[in-house]
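Open the model in your viewer and keep the selection box ready. Each stop below says what to select and what is there.

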Amino acid sequence: MLRNLKSISRELGSLPLVLMLLFVPVSDALDLAIQYTDGVPDDGVWLAGDQGHAVLFSPPENWTLSRVAVCGMLSRDGIFVLEIWDADLNLVYRTTDISGAYFGRNLSWAEIDVPDLRMDKPFFVVLFEYSTLFVGIDKNTTLNRSFVASRSPSMLVSPSDYEWLISAIGYISSNPPGINASCENLTDGVAIRADLSDPDGDLGGVSLYIVDQKSGEVVWMDRADARGKESEIRFIWPRVVYSVSCGSERVSPVVAVEARDVPENISRYMRYSAPCLLNITDEGPFSEAIAYFGEDLELHAIEGLDGRIHYISKELFESLRPGARYSDYVRENITLIEGRSSLRFILMGESLAFHRPIYLRRSPIFHYDMKLEKEAAVSRYTAVLVASDVHGSTSRTSLDLG
């Protein structure tokens, strides 16, 4: 067992890929949408009879549900029934309405109001549609959050092979932390300082996003933890943008972060981590993963967020298990297929998206021909800083970096 490697993503605090927390300040509360897809429909599915579209949500602390968003398309008008179930499949709330009041002839998002419901534990949102309402699906993400449900009695019939485009929107009412920011140009980049304060004394941390002002895309991100009532955090952005190449294929910009707290014996091979979706073959669904690149900017590991190791390079393997045969490890453990297995790296902008698939070339014995590349940042950029407390309440500020 390669326990040293399997603990890395937990130590780094792996980046959220598909669980999107969309923070919008509103008065003394904070809107927060929980969504397990990329938000873009790949197709729509209609369920007949008493079958329903169910999604299991895990709320953050101190969170209240206020509305539900559904991506749907109406073919024939009728009614729908929206239900909220607790984790034991007991009914918490039910509402009925006319489908045509929310959905049209194209797959698009609609929001359905519900009375404020304090949700402290996992819960289900279930949509039963007694019309011809096609609910959008995301075929590229499989998190086992979506189900086909039935009622009377309430039960989950079978998990679906995709994720329903249904999100839960609510708010956190805890007081957000305060944040003041400043920046200073250095010879090798930009220093960005965040001064955090929280009278409740429950600071959680601060995230930095460098945004291209022209494209709106995130080209750099970092995060630091904070505790107590006050904290001063300093980031340095070296004014570079990352891309990933493999042979003639190349995608840019790619979000990558410098790995922290990696054991010294393997740190040279796990210098950078980049969130991505992994597809073993073209026929299979994508799953969440982290790609690790070394100081040489070569790909040295692919780890699923479930802890499964899909690939480690010969150099990293020999650092973890001196004297063991790498060829035996490849034969017994690596299921990736040259030219058929691919990675889709995250593309962050106004919404979460992913680059086109980039396929792994060469065999692991000779090192996959995938590289992280750095290029000078030549556009105008904005630094966005988001401070959070331990309950998930946030505040933000921004700086024009020129």
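Start with strand β20, residues 257–258: 2 bridges join β20 to β21, and the two run antiparallel. Zoom in on V257, whose bridge partner in β21 is S273. Bear in mind throughout that this is a predicted model.

**Strand β21 and its partners**

Now select β21 itself, residues 272–279. Is this strand enclosed or open to the outside? 8 of its 8 residues are buried, so β21 is largely enclosed by the rest of the structure. Show the side chains. In a regular strand, side chains alternate between the two faces of the sheet. On one side of β21 sit Y272, A274, C276 and L278. On the other are S273, P275, L277 and N279. Both faces are covered.

Add β22, residues 287–293. β21 and β22 pair in the antiparallel sense over 7 bridges. Look for A274: its bridge partner in β22 is A291.

Next, add β25, residues 342–348. Here 4 bridges join β25 to β21, again antiparallel. At N279, look across to S342 in β25, which stands opposite.

**A sheet of three strands**

Clear the selection and pick β18, β19 and β28. They form an open sheet in the order β19-β18-β28, with antiparallel pairing. The edge strands are β19 (249–251) and β28 (370–376), each pairing on one side only. Neighbouring strands of this sheet are turned by 30° against each other on average, direction ignored.

Focus on β18, residues 240–246. How many bridges join β18 to β28? There are 7, and the strands run antiparallel. One place to look is V241, which stands opposite E375 in β28.

**The cores**

Stay with β28 and select M370, the residue where that strand begins. Leaving out residues up to four places away in sequence, M370 touches V244, S245, C246, F293, L297, E298, L299, L343, F345, I358, Y359 and L360. M370 also belongs to the largest nonpolar core, which has 66 residues. Along with I192, I210, F293 and F345, M370 is among those with the most contacts inside that core. Apart from this core lies another, of 34 residues. Select some of its members, including I34, V70, F123 and W164.

**The loop at L107**

Move to L107, in the loop between β6 (91–98) and β7 (108–118). Is L107 buried or partly exposed? Its relative accessibility is 28%, so L107 counts as partly exposed. Show its surroundings: L107 touches P41, D43, G44, C71, G72, M73, F134 and G136, not counting residues up to four places away in sequence. Then draw a distance to V135. L107 and V135 are 28 residues apart in sequence and 7.8 Å apart in space, C-alpha to C-alpha.

**Cysteines**

From L107, step to its contact C71. C71 counts as buried because its relative accessibility is 0%. C183 counts as partly exposed because its value is 39%. A search of the whole structure finds 0 disulfides.

**The whole chain**

Zoom out and colour by secondary structure. The chain comes to 4 helices and 30 strands. Its C-alpha atoms fill a box of roughly 60 × 55 × 40 Å along the principal axes. With 402 residues, a compact globule would have a radius of gyration near 21 Å; the chain has 23 Å, which agrees. Of the 402 residues, 53% count as buried. Among contacts between residues at least 6 apart in sequence, 66% join residues at least 24 apart.

Methods. Residues numbered from 1 in each chain as written. Predicted model: local features only at pLDDT ≥ 70, side-chain atom pairs only at ≥ 80, totals over all residues. Heavy atoms only, no water. Core = buried A, V, L, I, M, F, W, Y, C linked by side-chain atoms within 4.5 Å. Buried < 20%, exposed > 50% of the residue type's maximum accessible area, 1.4 Å probe, protein only. Contact = heavy atoms within 4.5 Å. Pairing = 2+ DSSP bridges. Axes fitted to C-alpha atoms, helices over the stretch in contact; angles between N-to-C directions. Disulfide = S-S within 2.5 Å. Rg over C-alpha atoms; globule rule 2.2 N^0.38 Å.
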